[in-house]
Structure formats: structure tokens, C-alpha cells
Amino acid sequence: SFCSYHHASGRTCSCVAGFKMKNTSDWAFGCEPEFLRNFTQETGFLRVPNSEFYGYDKGFAENLTLRECEEQCSKFPDCQGFQFQMGDVENKASRCFTKALLLNGARTSNLPGDVYVRLPKANLSSFRKNHNEITFDCSPMKSMRLERTYKKSNENGGLKVLVWVAVALAGVEFVCVAVVLGFLYWTGKENKTESQGYKLAAATRFQQFTYAELRKATLGFRDEIGSGGGGVVYKGVLSDGRVAAIKQLREANGGEAEFLAEVSTIGRLNHMNLIEMWGYCAEGKHRLLVYEYMEHGSLADNLLSSNDVVLDWEKRFAIAMGTSKGLAYLHEECLEWVLHCDVKPQNILLDSNYHPKVADFGLSKLQNRGESHNSSFSRIRGTRGYMAPEWVYNLPITSKVDVYSYGIVALELVTGRKPTGVQMNGTGETVEQGRLVTWVREKMNGAATRTESWIEDIADPMMELGEIDKVKMEVLVKVALQCVEEDKEARPTMRQVVEMLQFHEDERAMVFS
């Protein structure tokens, strides 16, 4: 199914031709095929323009024609379709994503690619002819009253005696079972943990590690590559040779069941701009998470003036775009809405190609789909300088707290300045600076009385001015300033941020094409 979101009308979803709703009273079940899914027979593809599916890529290839992309999908019986995007100014090569599952669909006029859904060739012409989509409301479910009737059984004296005898025997058995269970609880607690872990590993395809395995992988937790309020991150090499980032959590007060439930939630999140989790360890008091290792570390490390490699403007804009897509997925696209609550440069990691991936998203509060506000946070979360005013004034917490933090990060990408406090300049001297948002607004408003560009005033001096796209930078700054409005209702959603940045890129591509 495809889902779209509008701030006024809310969320709506639709089934592709050849598919129907599974449950007309609950949209969360999605759509199911109207045909027998047996792709060993001859198949064809139905084009759905300006659409995409997040995650569940079976394969990826570049420089393929549309026909070659079809052939790639047709080779495999479990390929459900593919996403095809022609080359543009930014990415000259065409891109082909074959899909193992068609989940988390989105369809807007701004999306540059098309989705091709795999259907039996015998039914393809009829599906094309009847390409009338079924649209249904994705608003929260309404309550339904179930009719129940209770009948009182006829009383019987002999039956009463048998019941009392059975109750007495059951009481004796209950005592015996309680004694045995108590014994097993104290002697077999570790075995129970393993059983829960195996069930979780089977459900999420995570690997369950022992504490000894991770201790060996990190050589005794020696190579520390990062730390924060949640724990310390170490670099390690797993037994199969993969380099991993292993996070040892400091707080384990929630207990085993709560930890495994939260890890299970992370396992259901899948997006190209979210860090991938490979496994976990829940052994005794130890709680560890195993992630993919990111070669270029955090965005915070790459923005330091002491760093040898300076991020150019194109990389910075791509990081802002990718981060916004990852957060939009957490807020609106995944099955469970997740609030990050600590968006900052330290939690945006960069791979070998400087593509951004948001980290530490799963250890935050989950937002129920049916609630517009969530004030059940037990304590203030986040980092000074990136926290929205709602935390300070004890207002209801919504996804707009992440939007505010994203706006601060975007301004930091443009200016190279931290939100508050002291910063090192290019000569290594410490310089006092005021609040970043106020400083940017003053530069922007003061430009009306001067002839020079305010963009040059705020741009990070580490960047080459000749390489900066001033129009694109101005768009990012204005979007960021909308995100950091004091009134949360005046801030856009992350999906709207993606659309504003994407619209500008598409418009620029059309101008230069």
C-alpha cells in the first residue's frame, strides 16, 4: 500500500491495482493480492509513477536500463517488484532497487522515481484496465462493541461434589507447581533469558551475542570511539570478520523484558538513513548493542576545525537531506512512530561515502499512533543547545522536539558554529559566541542595509566560498529557521522539511537540465 500525509487532512493510504484491503476496519493490515502469488509462472510489471518504498531492498544496481532492471527482478521468485530512477544532474547513473517486500510506500508528485509492481502476466491487462485505486482513511480506529451472551448452566448436586473435589486436587497441584516453578526460577534464570533471546533473534534476524564474545571482539573494551549519556561505544571485530561498533549501555534499570522489547522495536525499523543494528547482548546486568561501523565517524567530529578533511558544501547539503529523510521515516513512515529526543551531530554518523545515518533512535520514547501528545516522559531528554523549549516549560512532547533539534543541526552545518558556548577558531584560539539562532537571524535581518550577501557572513569559513551554492544554502537556512520557531505549531513536520528541500533540488535540476 501507499500512504501519504497532509497536515490538514491527515494520513490517507491506497492499494495498487491487483491488490485489496486486508481488513476494512483496520488500515494497519495493509493490502493483499487478489491473485495467487506464484512467480514461477510468466509475470509482468505494473508501473506506479512518482512513488517509492522505504527499505526491504533485495538488491541494488546502477547504470541499468529499465528492461535490464525488469530482468534482474524476474530472475528471483521472491522479488515483489522494483524501484527505478533515471539519472539526474546529482546522480548521473540510473538506479535499480529490487524489493523483497513492498512496505512503507509513499507517493507524491515530487518523488523522482517509479515503482514497478510484479503481477501475473495473465492478469496484467485486466489490472491495468481496472486501475482504480481503493483509498481509505488511516485515522485512528474507532471502537467497536462486541455482542456477548452468557448462559447460566443448570445446577446439579452430584456435579457440585465433583467440582469441589476437582478444586481441592487443583489446589494441591497448584502448590506443587508453585514450588517447582520457584525452584526453576532461581536455578534456571539464565536459561530463560537465552530462550527469550532466541525468540527475539528469530523475529528480528538479530544475532544474540554473549558478553564473552563481545569482550573478545573489543579486546577487553579498549578502543573507545565515542561516549554519551546512554553509554560508551567501542570498535570491535566480530568472529566473522565484520568491523562493528559495540555500545555498552550505562542504564539497565528497565529489566530484561523491557530491554528486549525495545530491541525488538529497533529491529522493525529499516531505512537507508538509519544506522543498522546487527545484534545485542542481554546477559545478567550487561546490556550491549552491536551496530554497523561507520568509517567517517560522527558529524560532530567532521565539523571540528582541527579535522584534516573539510566537509564541502555539497556533502553538507546531502547530510541535511539524508538526516531529514531518516527522521521523517521515524515520525511518519514506520509501523511504530518513534521520537528520537536527542538529535545532534554526535548522533549523525557518516559512512565511507559521507552518507548520513541517524543513530541512537531506538532507545528513545515510542509515540503511540493514536496520541497527538505525549507527556509521559519521566525526565528531560536531549542535549543542551539542541533541546526544544517544550522540555524546559514542561509542555506536551511531540515529534516537533526532533524538528527543533534538526533545525539547530542544519544551522550548525551551514555555519560551523556550535549552538551556544565557546568555540575554537581557525587559529586555535577560543572565542565566546552567543546563541546561534539569534546570531543567524541578526545577520539575515541586517543584510537589508548592506550590499554584501549575508550568506557569506554566516557560511563556515572552513568552506571555499567559490564552491558554495548560495541559493541552496539560503533555502536550507530559511527551512532551519522555521524548524527552530519557539511555537511548535509554527514548525513544519519532518516530511514537510524533506519536501521543501527535495522540491528545491528538483527545481534546480530542471533549470540546469
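Reader: I'm new to this one; is Glu 314 buried, exposed or partly exposed?
Author: Glu 314 is partly exposed, as its relative accessible area comes to 37%. Please keep in mind throughout that this is a predicted model.

Reader: And which residue does the side chain of Glu 314 meet in a salt bridge?
Author: The side chain of Glu 314 meets that of Lys 472, with a distance of 3.8 Å from N to O. This pair links distant parts of the chain, since Glu 314 belongs to helix 8 (residues 313–333) and Lys 472 to helix 13 (residues 470–483), with their positions 158 residues apart.

Reader: What about Lys 472, buried or exposed?
Author: Lys 472 counts as buried because its relative accessibility is 6%, and the cut-off for that word is under 20%.

Reader: Helix 8 again: what does Glu 333 pair with?
Author: Glu 333 forms a salt bridge with Arg 495 through their side chains, at 3.1 Å from N to O. Arg 495 lies in helix 14 (residues 494–512) while Glu 333 is in helix 8, so this pair ties together parts that are 162 residues apart in sequence. Both partners, Arg 495 and Glu 333, are buried.

Reader: Which salt bridge does Glu 474 form?
Author: Glu 474 forms one with Lys 478, and their closest N and O atoms are 2.8 Å apart. The two residues are four apart in helix 13, which means that about one helical turn separates them. Glu 474 is partly exposed at 27% relative accessibility, and Lys 478 is partly exposed too, with a relative accessible area of 37%.

Reader: How many salt bridges turn up in the whole structure?
Author: A search of the whole structure gives 18 salt bridges. There is also a network of salt bridges, in which Arg 67, Glu 70 and Glu 71 are linked.

Reader: Changing topic, how many disulfides are there?
Author: The count comes to three disulfides. One of them joins Cys 15 and Cys 31, whose sulfur atoms are 2.1 Å apart. That pair connects distant parts of the chain, with Cys 15 in strand 2 (residues 10–15) and Cys 31 in strand 4 (residues 31–33), 16 residues apart.

Reader: Why is the disulfide of Cys 15 and Cys 31 left-handed?
Author: The torsion about the S-S bond of Cys 15 and Cys 31 is about -85°, and therefore the disulfide is left-handed. As for their surroundings, Cys 15 is buried with a relative accessible area of 1%, and Cys 31 is buried with 18%.

Reader: What is the handedness of the link between Cys 69 and Cys 96?
Author: Their disulfide is right-handed, because the torsion about its S-S bond is about 75°. The link runs between distant parts of the chain, from Cys 69 in helix 1 (residues 66–74) to Cys 96 in strand 9 (residues 95–99), 27 residues apart. The sulfur atoms of Cys 69 and Cys 96 are 1.9 Å apart, and both residues are buried.

Reader: And what does Cys 73 form with Cys 79?
Author: Cys 73 and Cys 79 form a disulfide whose sulfur atoms are 2.1 Å apart. The link is left-handed, with -105° about the S-S bond, and both Cys 73 and Cys 79 are buried.

Reader: Last thing, which residues form the nonpolar patch on the surface?
Author: Leu 159, Leu 162, Val 163, Trp 164 and Val 167 make up that patch, and together they have about 540 Å² of accessible area. Val 167 is found in helix 3 (residues 157–187), and Val 167 is partly exposed, with a relative accessible area of 46%.

Note on methods
Residues are numbered from 1 along each chain as its sequence is written. This is a predicted model: local features need pLDDT of at least 70, side-chain atom pairs count only at pLDDT 80 or more; totals for chains, interfaces and linings use all residues. Side-chain values use heavy atoms; hydrogens and water are left out. A disulfide is a pair of cysteine sulfur atoms within 2.5 Å. Buried means under 20% relative accessible area, exposed over 50%, partly exposed in between (1.4 Å probe, protein chains only). Patches are made of residues with over 30% relative accessible area and no salt bridge: like charges are joined within 9 Å, nonpolar side chains (Val, Leu, Ile, Met, Phe, Trp, Tyr) within 5 Å. Accessible areas come from the Shrake-Rupley method with a 1.4 Å probe; for residues, only the protein chains shown count as cover. A salt bridge is a side-chain nitrogen of Lys or Arg within 4 Å of a carboxyl oxygen of Asp or Glu.
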